[in-house]
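Grab a coffee and work through a few short exercises on this structure. Try each task yourself before reading the solution below it.

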Amino acid sequence: MNALIARLVAKRLGIMLISLLVVAFAVFFATELLPGDVAQILLGQAATPEAVAGLRKSMHLDQPAFLRFLYWLGGLLTGDLGRSYANNREVADLIAGRLANSLELAFVTTLFSVPIALTLGITAAMFRGSTYDRLVLVFTVSVISIPEFMVATLAVMIFAVYLKWLPALSVASDVEGLGELLRIYAMPVITLSFVVSAQMIRMTRAAVIDTLDTAYVEMALLKGASRRRIVLRHALPNALGPIVNAMALSLSYLLGGVIIVETIFNYPGVAKLMVDAVSTRDLPLIQSCAMIFCVSYLLLILIADLVAIMANPRLRNQ
Amino acid sequence: MSHDTVTNWTGRDDAMVEHAIRRGATRRDLLRLLMASGIGLAAGGTIIGRATRAFAETPKSGGSITAAGWSASTADTLDPAKGSLSTDYVRACAFYNRLTFLEEGGDVRMELADKLETQDAKTWTLTLRPDVTFHDGKTLTTDDVIYSLQRHKDPAVGSKVNAMAKQMESFKKVDDKVMEIVLSAPNADLPIILALHHFMIIADGTTDFSTANGTGAFKCEVFEPGVRSVGVKNENYWKDQLPYLDSFEFIAISDEPARINALLSGDIALAAAINPRSMRRLDGVDGVSLSQTTSGNYTDLNVRLDMDPGDKAGFVEGMKYLINREVIKRSILRDLAVVANDQPISPNDKYYNKELPAKEYDPDKAKSLFEKAGVLGQTIPIITSDAPNSAVDMATVVQQAGQEIGMPFDVQRVPSDGYWSNYWLKAPIHFGNINPRPTPDILFSLLYASDAPWNESHYKSEKFDKMLVEARGSLDEAKRKAIYDEMQVMVSEEAGTIIPVWISNVDALSSKLKGMRANPLGGMMGYAFAEYVWLDD
Amino acid sequence: MGNVVEIRDLHVSARTDSGRTVEIIKGVDLNVGAGEMVALIGESGSGKTTIALTLLGHTRTGCSIRKGSVRVAGRDVVAMSGAERRRLRGRQVAYVPQSAAAAFNPSQTIMDQVVEVAKIHQLMPMEEARQKAIGLFRALALPDPETIGLRYPHQVSGGQLQRLAAAMALIADPEVMVFDEPTTALDVTTQIEVLRAFKSVMRERGMAGVYVSHDLAVVAQIADRIVVLKGGEVQEEGATEQIVTAPKHGYTRALIDAFHPRPHEAAATERPGPETPVLEVTNLTAGYGAIGRDGRPEYLALKDVSFRLERGRSLGVIGESGSGKSTLARAIAGLLPPAIGQIRMDGVELGRRTKDRSKEDLRKLQIVFQLADTALNPNRSVGAILSRPLTFYHGTRGRECEAEVDRLLDMVRLPKALKHRLPPELSGGQKQRVNFARALAARPELILCDEITSALDTVVAAAILDLLDELQRELGLTYVFVSHDLSTVEAVCDRVLVMYQGEKVEEMPTSRMKSGAEHPYSKLLIASVPQLDTGWLDGLDRERASPGAEAGR
Amino acid sequence: MTTTASARKGRFGWHMNAVGIIGAAIILFWMVVAIAAPWISPYPVGQIVDFDYYGPMSAQFWLGTDYLGRDMLSRVLMGARYTVGISLAAVAIACFVGVTLGMIAAVVGGWFDAILSRFLDALNSLPSLMFGLVVVAAVGSSMTVLVLTIAVLYAPGSYRFARALAVNVNAMDFVTVARARGEGTIYTIREEIFPNIIGPVLADFGLRFVFIVLLLSGLSFLGLGVQPPNADWGALVRENIGGLSFGAPAVIMPSIAIASLTISVNMLIDNLPRRIRDRSE
């Protein structure tokens with residue numbers, strides 16, 4: 001580690017913090033704009049004016065929005081996410097389990113899709129223009145072009161309903177052993193891997209091909225290096241930055257973007273939690289979920305940046 | 001987004017029931033009538049299809065199932081007072097007991113109450129069953145009952161039936177098993193009120209609802225709001241033999257095709273609330289049976305009579321001729337419905353007016369009526385939403401029919417989120433959805449009396465109001481029938497509520513699952529299926 | 001023993017973007033004898049690199065060998081299988097690329113890349129390869145031969161990289177070396193070192209080589225034989241001495257003529273006129289980065305430069321890359337606001353940045369950039385490019401503007417029909433003329449020319465320089481001529497200003513440049529320019545003991 | 001030095017391969033359908049024409065019937081209007097805003113660039129589908145809301161893309177020349193930068209269009225979309241998804257329609273002639 005890297009990292013972290021602040025601000029006030037008074041919704045038919053006023057007061061809703069924003073921000077910083085309006089439980093408790101589920105799913109999907117995407121992307125780049133490359137391209141274009149819910153529903157139809165190989169639902173309840181775990185995650189993981197890997201394959205292929213056009217790759221070729229060596233030793237290390245960036249973008253989708261998959265497989269993740277929260281106008285929960293998505297996105301981007309910095313000897317050794 | 005159908009059922013619905021009952025409570029004749037005849041609530045429930053066969057079989061003990069409702073959220077609760085979704089009711093029914101139970105056919109059966117007696121319908125004497133214990137081993141006493149009922153009156157609890165509980169003016173403990181409930185005014189419907197899901201009995205002093213300590217057939221093992229709940233058999237359950245299942249898990253799958261897929265793949269044994277258009281999918285599939293309940297549930301098109309264009313003579317009548325009930329029944333509901341005649345009393349009710357025909361689809365007549373009203377050719381907005389069942393499809397049927405006679409309707413689908421508070425009862429032409437009500441009196445006082453809280457079409461008729469009171473006070477069954485018949489005619493002809501069909505509820509279940517019956521309180525056997533079903537192999 | 005390389009009737013075709021197939025090498029024959037160094041010389045597009053690459057059995061994307069044979073050590077490369085070619089590459093034929101900076105993989109250490117050939121072909125144990133590499137580093141006069149291999153490419157200067165690239169090629173003791181313009185990207189002072197290293201290594205090992213270059217003077221130092229190419233065909237072939245001194249073919253003669261520019265007729269004599277100079281720069285300091293407490297930027301590119309330039313004269317600014325010569329031009333143009341110092345035009349002080357200058361000031365001072373490819377918006381027609389300054393400065397529109405554009409095109413000797421074309425459709429020379437015409441459109445007094453001929457082929461560049469000279473006389477223009485190429489400066493400038501590490505080292509009349517330079521750096525710089533004389537490099541070796549070679553960067 | 005003796009066919013004389021042409025043809029086909037839908041639909045979209053539901057393909061109903069017994073051909077044809085229309089409108093707004101801001105940020109630089117980039121990055125970090133859901137839950141699902149929401153979601157991406165390109169172009173000498181000439185920001189952006197990024201921007205426009213079509217389908221799948229009886233393709237799939245198990249054309253056809261559009265846009269873009277990125281040696 002040297003000073004330059006330290007400075008770069010510090011700068012990225014600073015940028016991330018600023019982005020987070022902007023996001024926090026946007027999230028808080030955007031949710032404030034949601035129509036429908038929380039107190040009124042909570043009380044439902046029993047909403048007499050006094051009851052509403054009382055509830056608003058007890059929830060500090062009578063205070064100015066900016067003051068509440070500061071409270072909320074203060075809470076966030078001290079790790080206090082507040083209490084859910086809907087059931088008065090700690091938001092942190094509500095989210096904890098769901099987030100764990102989402103992270104599990106994201107993790108398994110990543111484990112599954114990243115190697116596949118890398119392999120396909122790199123090999124497609126290696127054999128650019130070949131039938132294999134064209135097949136991979138057709139595959140990725142098709143996957144990118146087909147709506148996710150189609151993929152998911154078809155997967156259920158085939159694997160769960162007709163073949164009965166896999167469960168249609170992914171309720172991570174009583175998991176016994178790895179086999180069971182794999183079975184339970186199989187459907188959403190297959191669907192998500194499809195969706196996520198297509199983009200990664202394309203980006204990996206493009207990045208590798210970009211580096212394949214460089215003079216040092218030609219040089220390696222003229223040294224008599226095999227295609228394999230050229231790609232793995234020369235092109236890939238230099239394509240790492242953009243590849244990692246593409247992966248970060250794809251993977252960020254795995255937390256917040258999976259609402260459709262969560263719906264179809266009835267998977268209890270954060271995305272569904274947030275949709276629930278929206279319909280009950282559970283602001284603390286919405287805000288916390290939104291912050292989680294943003295933090296995860298920014299973290300992934302940060303990691304990608306750092307990997308790119310680390311992979312670049314220009315920055316690594318000055 | 002399908003929460004709203006449920007929220008609709010409860011939040012709004014409980015309040016409706018409560019209002020209606022409160023309004024009717026002072027009528028001594030009504031309560032006399034009820035007590036005398038022993039006939040309770042006439043909400044019709046029938047079971048058709050393959051599920052009927054289950055009746056004859058002998059229950060077996062053992063096994064466990066997973067059942068899926070259609071919605072769950074983080075607002076899920078184990079506090080019966082706050083229950084608002086089907087999942088809450090299913091859990092409450094499994095983990096707790098009520099004092100009374102509303103049976104198929106509307107009869108009230110005693111549960112935790114051994115006896116519930118009154119002389120004047122104001123002071124009720126409640127005797128508890130002797131041998132009931134909570135899951136933690138504590139014996140059920142009147143203290144628990146008083147605590148359970150009393151807490152609904154505390155605004156801090158946030159009970160959904162707070163207003164209804166307010167009429168229980170005081171509770172008096174006589175001894176551990178006997179107590180008195182004094183109402184603020186006589187109400188013969190107390191046994192029915194106590195059968196509502198919210199009036200589950202919890203142990204005295206319970207404030208923590210992270211798990212459930214009830215007297216019910218199952219003990220709560222897992223409770224993850226918005227995710228799942230698991231109950232295991234209560235070995236000390238006070239009912240003999242029940243429950244048959246060793247354990248059950250309840251989840252919610254909001255996506256209907258996913259629910260069916262899960263049933264077909266064998267992941268779940270029961271999928272509640274099946275869409276009619278999924279019937280073809282389930283038809284002829286081995287190992288799946290359907291439980292259909294045709295009750296008084298309907299989605300109606302409401303034309304406000306106090307606003308343009310509903311205030312123009314002939315418009316409403318035109319709409320009644322323009323709505324193609326047959327198409328709605330066949331195409332939208334795939335025959336899982338019965339054609340209705342624009343009034344709320346269901347054909348299963350003994351007061352149903354069989355002489356009152358449903359209006360035939362007659363676009364020409366509608367056209368001339370619109371012409372008479374002077375609205376033909378005007379673009380008229382119809383507010384619809386996914387919140388009331390099938391309302392969007394019904395709206396397009398009306399729209400299409402209108403187009404053919406040169407009557408353009410502008411169908412506006414609004415978000416189901418907030419539909420009930422923002423559009424229902426408010427828009428000039430909109431859709432509503434009404435769940436079954438026990439008696440014509442409740443239905444009429446709730447929906448059609450001049451001062452009815454949910455007078456969907458803002459119908460006002462002094463004559464109707466008078467007849468309503470008269471029927472309530474009448475002990476003469478024939479006369480009541482006659483009055484109700486005429487009231488049905490009036491509503492059908494004059495009110496702006498167009499009720500095209502009665503909608504059936506269909507639950508799909510694995511054919512191994514036996515013992516499902518209909519219940520007036522809703523699908524899944526009034527949410528209490530867990531206690532009564534068994535697995536057959 | 002015969003020829004190591006024998007190319008017979010080579011045809012290479014290329015596929016254009018529009019899908020057509022064009023022949024780019026049209027039947028070339030070439031022999032390289034054992035221990036012989038043959039130079040392929042020609043301008044861009046002549047096919048010299050394409051031919052050189054066929055020795056390795058390689059054609060670039062879109063190209064393919066259509067016909068003919070390329071025999072290396074008796075075996076036809078064209079007929080080889082992919083695996084055979086791989087065995088050939090690096091081991092029998094080795095390649096030294098044009099830009100070593102680009103040809104080194106930035107993410108691997110130099111040593112890994114130098115010994116990679118040995119690894120790929122399993123020629124020797126790695127440790128032995130490393131030792132051999134260190135020996136080569138030493139032979140190529142690289143500093144710290146023991147440790148330089150542990151560095152990454154970006155940690156080494158361009159001249160060193162170029163020699164390292166040669167080491168990379170030599171590691172397997174190939175039979176043939178292919179040098180692809182290996183010194184083009186280097187500064188003249190560095191070029192000498194590299195050339196010297198190449199020459200001695202090649203001579204020592206008696207290897208055969210093909211040297212691709214556009215620079216006759218460079219080639220004259222290193223090649224035994226020269227093949228002159230144009231449009232994919234051999235124009236002339238002969239011994240170096242013969243080509244340089246007695247060219248037969250017209251094209252070769254043109255190349256050689258272009259190398260000897262007509263010396264600039266110095267306008268009047270050496271006396272500072274009484275009139276105010278067109279441009280007067282005093283104590284100019286500029287740079288990049290945060291401004292320090294002393295008012296200087298963190299990284300200084302220009303330190304305290306002063307000069308004056310009279311009307312109708314041209315000033316050449318010479319120096320190597322990084323000397324600050326381009327920065328000087330940019331600072332004068334207001335593109336890089338100076339931190340300290342003044343710029344006066346016609347006695348009036350100019351604003352520090354373009355924003356602060358009046359339209360009239362901006363008009364009077366125009367800048368012309370090196371690369372016409374990037375200096376002309378590829379998506380606007382020549383007519384539009386030229387009419388914009390007319391409209392902008394003079395409000396000329398419509399037919400009048402059309403006529404003016406025609407006149408400008410005429411002025412730079414371009415056909416009128418060209419105004420409907422887009423820049424990418426023009427040749428390099430045409431583009432540079434348009435680039436210059438745009439500056440003329442403003443009717444300026446002073447034109448800053450930033451390396452405007454360095455990207456052009458010699459013959460084309462010479463024509464542009466003639467044009468510039470002519471226009472100066474016709475229009476009374478004043479030029480500041482930034483270049484690293486001394487002969488260019490010689491051709492157009494009255495005075496020369498030598499820059500070194502951001503500072504003005506010396507200023508003198510062009511005529512005195514060769515003889516009268518006083519500062520040691522100026523001397524070195526001027527002496528480093530290759531001469532069209534086969535004995536120049538060897539003579540130079542004896543002359544001096546390379547002082548401060550690796551300058552710059 | 002691979003001189004590909006490029007004899008260009010002039011500005012629009014692009015040569016495109018067969019795949020690209022097929023892609024362009026399909027896109028064109030859907031555009032025409034979107035415009036002509038009301039005149040070429042055999043039945044009114046809302047009319048129940050068949051008492052059967054999920055009807056098979058027949059001479060009478062070419063693409064079968066939907067869950068209510070409505071003619072699928074008519075519904076798919078009309079759906080093209082909404083899917084293509086909304087997506088096109090949204091992508092146009094997103095790209096217009098994104099590209100304009102991106103170019104300004106690239107040219108102006110400094111604080112303006114820094115703040116805008118931070119802000120849009122933050123916006124980018126919100127998951128799009130969730131954001132769409134929240135907004136639609138909040139203000140309802142009219143066409144305008146859909147278009148604007150999607151536009152807001154996709155503008156940051158477009159901004160980043162355009163900014164990156166514009167930064168490159170901005171560093172080119174011809175922009176420097178324009179600046180040295182004293183040209184203003186607007187001229188520089190409009191005349192010097194924009195024409196040079198339009199190629200990649202158009203390709204990006206196409207890709208973004210695909211994503212928007214898919215996002216729109218996703219939103220429709222979750223129950224938001226255009227007013228009945230009309231439906232965009234995503235909504236058609238959703239409302240007929242029950243027919244998937246027995247392969248009802250009602251669900252297959254709109255899916256094919258979506259895929260055909262998105263795939264063909266991809267095909268077109270992947271096969272656009274590379275006229276911008278020619279590496280000059």
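**Exercise 1: a strand with two partners**

K172(B) sits across from E180(B), a residue of β7(B). Keep in mind that this is a predicted model.

Task: work out which strands flank β7(B), how they run, and which residues of β7(B) lie on its covered face.

Solution.
- Step 1. Start with β6(B), residues 168-173, which is joined to β7(B) by 5 bridges and runs antiparallel to it.
- Step 2. Look at the connection: β6(B) and β7(B) make a hairpin, with 4 residues between them.
- Step 3. Now take β5(B), residues 123-128, which is also antiparallel to β7(B) and linked to it by 5 bridges. Here L126(B) is the residue opposite M179(B) of β7(B).
- Step 4. Recall that side chains in a regular strand alternate between the two faces of the sheet. In β7(B), residues 178-183, the covered face holds M179(B), I181(B) and L183(B). V178(B), E180(B) and V182(B) are on the uncovered face.

**Exercise 2: the edges of a sheet**

Task: for the sheet β2-β1-β4-β5 in chain C, say which strands stand at the edges.

Solution.
- Step 1. Write down the order: the 4 strands form an open sheet, β2-β1-β4-β5 in chain C, with antiparallel pairing.
- Step 2. Read off the ends. β2 (21-33) and β5 (75-76) of chain C each have a single partner strand, so each has one side without a neighbour in the sheet.
- Step 3. Check one pairing: β4(C), residues 63-72, meets β5(C) in the antiparallel sense over 2 bridges. Across from R71(C) you'll find D76(C) of β5(C).

**Exercise 3: two helices crossing**

Task: decide how α11(C) is oriented relative to α18(C), and what kind of residues make the contact.

Solution.
- Step 1. Get the geometry. The axes of α11(C), residues 250-259, and α18(C), residues 458-475, come within 8 Å and cross at roughly 50°.
- Step 2. Classify the angle: it falls between the 35 degrees limit for roughly parallel and the 65 degrees where roughly perpendicular begins, so α11(C) is oblique to α18(C).
- Step 3. Add the handedness: α11(C) passes α18(C) in a left-handed crossing.
- Step 4. List who touches. From α11(C) come A254(C), L255(C), A258(C) and F259(C), and from α18(C) come T458(C), V459(C) and A462(C).
- Step 5. Sort them by class: 6 nonpolar, 1 polar and no charged residues.

**Exercise 4: backbone oddities**

Task: find where the cis peptide bonds before P243(B) and P309(B) lie, then say whether D335(B) and Q122(C), with their positive phi values, are buried or exposed.

Solution.
- Step 1. From L242(B) to P243(B) the peptide bond is cis, with omega near -10°. P243(B) is in the loop between β9 (228-233) and β10 (247-252) of chain B.
- Step 2. The D308(B) to P309(B) bond is cis too, with omega near 0°. P309(B) belongs to the loop between β12 (288-303) and α9 (315-322) of chain B.
- Step 3. D335(B) has phi near 70°, positive though the residue isn't glycine. You'll find D335(B) in the loop between α10 (325-332) and β13 (337-339) of chain B. Count its neighbours: 12 other C-beta atoms within 10 Å, so D335(B) is exposed.
- Step 4. Q122(C), likewise not a glycine, has phi near 50°. Q122(C) is in the loop between α5 (116-120) and α6 (126-139) of chain C. With 7 other C-beta atoms within 10 Å, Q122(C) is exposed.

Definitions and conventions. Residues are numbered from 1 along each chain as its sequence is written. Chains are lettered from A and ligands numbered from 1 in the order in which they are written. This is a predicted model: local features need pLDDT of at least 70, side-chain atom pairs count only at pLDDT 80 or more; totals for chains, interfaces and linings use all residues. Axes are lines fitted to C-alpha atoms, for helices over the stretch in contact, and angles run from 0 to 180 degrees between N-to-C directions. Angles under 35 degrees count as roughly parallel, over 145 as roughly antiparallel, 65 to 115 as roughly perpendicular and the rest as oblique. A crossing is left-handed if the near helix is turned anticlockwise from the far one by less than a right angle, and right-handed if clockwise. Two residues are in contact if their C-beta atoms, placed from the backbone, lie within 7 Å. Ala, Val, Leu, Ile, Met, Phe, Trp, Tyr, Cys and Pro count as nonpolar, Asp, Glu, Lys and Arg as charged, and the others, Gly among them, as polar. Two strands pair if DSSP finds at least two bridges between them. A residue is buried if 20 or more other C-beta atoms lie within 10 Å of its own, exposed if 12 or fewer, and partly exposed in between; C-beta atoms are placed from the backbone.
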